[in-house]
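Here is a short report for someone meeting a protein model for the first time. Take a look at the structure, then follow the text around it.

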Amino acid sequence: MAIPEVVRKPPFNITRASHVYLTVRDLDASRRFYTEILGLVVSAQEGGTLYLRGIEEACHHSLVLRQDDAPPACDAVGMRVTDAEELALAEDHFARAGITARRVERPYENGTLRVTFDDRSPPVELCAGMPLLPRLLNDYPAQKGGRALRLDHYQCVVPDVDATAAHFMALGFRPSKFTTSVETGQIVSIFLHRKNNPHDIVLAQGGGPRLHHFCYIVSDLAALLRACDVAASFGLGRNVEHGIGRHGPPNGVFAYLRDPDGHRIELGLPPMQYMDAEERANTWDSNQGQALIPWGALPPQRWREEASSFAGVDAGEAPAARWLPQV
Ligand SMILES: [Fe+2]
């Protein structure tokens, strides 16, 4: 299937991937992991829910952890629209399009619309605004671990990349890179973006929908290394699952870590700029893995196969490695 045409004037304005909702079994253990190792800061903790943000972030939260005895899951991935007026346009658009979307109450969010495209795509919550808090970028005594700056993107495993990508492209997402299978010609992964770098949401083929990882940007290699060192100091050295390594485009240097519940986080250096309308997506095929991971160790099998479930969504078979190019 061909990539759909880019929609230059979308029905409403999504600005970026902005937050992730997870459930965890031990909130104290998760708080220690995210604040001491990643270096996120606490915006609020109420009952069994913890709201976190990166040190560069002024909006209230980019990660919300809710304690739950059920198996760990992702409640939703979150995106920002410009404001409440754009959220109302979104509500009208989905009603006309026959796509399920309902208002939900989320603390510290100025209007939230939960969108369910279909049972093979991740649940998305569109948020119209959040309270502002101080940026801690220059508050050096407050900074810990990897000094994570900001949420950048998330990657979801989905069974039909074409179909899920079409939902997002209808909302103005642009492809910056996609990979096709040399055997079937099918698209097996695609990077989609709204902000000025190559990815807000990445879709990869496999059993899903599941959340494969979410990514925070760190300032430099020293911060990346320090996060891994602090993980080891807490006895979590083997939670550094893959990396430190380099992806090819978009010039990413990465480490992937698993939190105490197995949710996967990527820490990465700032990605390249990708924003001008005339830019075209990079196309790869599934034999070009050498360029994707030019040196160092390949991802372990668990990185290829394991991902977080979405709460209440039956994802069927376990995620497969069909989307990863051969190396
Ligand atoms: Fe990533």
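Strands, like helices, are runs assigned by DSSP, and they are numbered from the N terminus. Keep in mind that this is a predicted model.

**Two annotated stretches**

The unreviewed UniProt entry lists "domain: VOC" for residues 16–129 and 150–270. In the span 16–129, 23% is helix and 41% is strand, and the end C-alpha atoms lie 12 Å apart.

**The iron site**

Which protein atoms hold the iron ion as donors? They are NE2 of His153, NE2 of His213 and an OE atom of Glu266, at 2.1 to 2.2 Å from the ion. Along the chain, these donors follow the spacing H-x59-H-x52-E. Distant parts of the chain are linked here: His213 belongs to strand S13 (residues 210–217) and Glu266 to strand S16, 53 residues apart. Are His213 and Glu266 buried or exposed? Both His213 and Glu266 are buried.

**Helix H4**

Helix H4 covers residues 221–233. Its 13 residues should span 18 Å at 1.5 Å a residue, and the end C-alpha atoms are indeed 18 Å apart, so the two values agree. The buried residues of H4 are Ala223, Leu224, Ala227, Cys228, Val230 and Ala231. Because they cover an arc of only 160° around the axis, they sit on the same side of H4. Ala222 and Ser233, on the other side, are exposed. The buried residues pack against helix H1 (27–38) and strands S14 (240–246), S15 (253–258) and S16 (264–268). Strand S16 is also where the iron donor Glu266 is found.

Now look at the two ends of H4. At its start, a side-chain oxygen of Asp220 comes within 3.2 Å of the backbone nitrogen of Ala222. Just after the helix, Gly235 has a positive phi of about 75°.

**Helix H2**

Helix H2, residues 84–97, can be read in a similar way. With 14 residues at 1.5 Å each, a span of 20 Å is expected, and the end C-alpha atoms are 20 Å apart, which agrees. Its buried residues are Glu86, Leu87, Ala90, His93 and Phe94. They cover an arc of only 115° around the axis, which means that they lie on the same side of H2. On the other side, Glu85, Ala95 and Arg96 are exposed. The cover over the buried residues includes strands S5 (73–81), S6, S7 and S8.

Asp83 caps the N-terminal end of H2, with a side-chain oxygen 3.2 Å from the backbone nitrogen of Glu85. After H2 comes Gly98, whose phi is positive, near 75°.

**Unusual backbone angles**

Most residues other than glycine have a negative phi, and most peptide bonds are trans. The table gathers some exceptions.

| Place | Feature | Angle |
|---|---|---|
| Gly208 and Pro209 | cis peptide bond | omega about 20° |
| Gly243 and Ile244 | cis peptide bond | omega about 10° |
| Tyr108 | positive phi, not a glycine | phi about 65° |
| Arg147 | positive phi, not a glycine | phi about 50° |

Where do these residues sit? Pro209 is in the loop between strand S12 (201–205) and S13, while Ile244 is in strand S14. Tyr108 lies in the loop between strands S6 (100–103) and S7 (112–116), and it counts as partly exposed because its relative accessibility is 26%. Arg147 is in the loop between strands S8 (124–127) and S9 (150–158). With a relative accessible area of 22%, Arg147 is partly exposed.

Conventions: Residues are numbered from 1 along each chain as its sequence is written. This is a predicted model: local features need pLDDT of at least 70, side-chain atom pairs count only at pLDDT 80 or more; totals for chains, interfaces and linings use all residues. Side-chain values use heavy atoms; hydrogens and water are left out. UniProt positions are given in the numbering used here, feature names are shortened, and annotations may be inferred rather than shown by experiment. Helices (H or I, at least four residues) and strands (E, at least two) are DSSP runs, numbered from the N terminus. The expected span of a helix is 1.5 Å times one less than its number of residues. Buried means under 20% relative accessible area, exposed over 50%, partly exposed in between (1.4 Å probe, protein chains only). The arc is that of the directions from the helix axis to the C-beta atoms. Contact means heavy atoms within 4.5 Å. A polar contact is a pair of N or O atoms within 3.5 Å; within protein, one must be able to donate a hydrogen and the other to accept it, and residues adjacent in sequence count only if both atoms are side-chain atoms. Donors are N, O and S atoms within 2.8 Å of the metal (3.2 Å for Na, K and Ca); water is not among the atoms, so sites may look incomplete.
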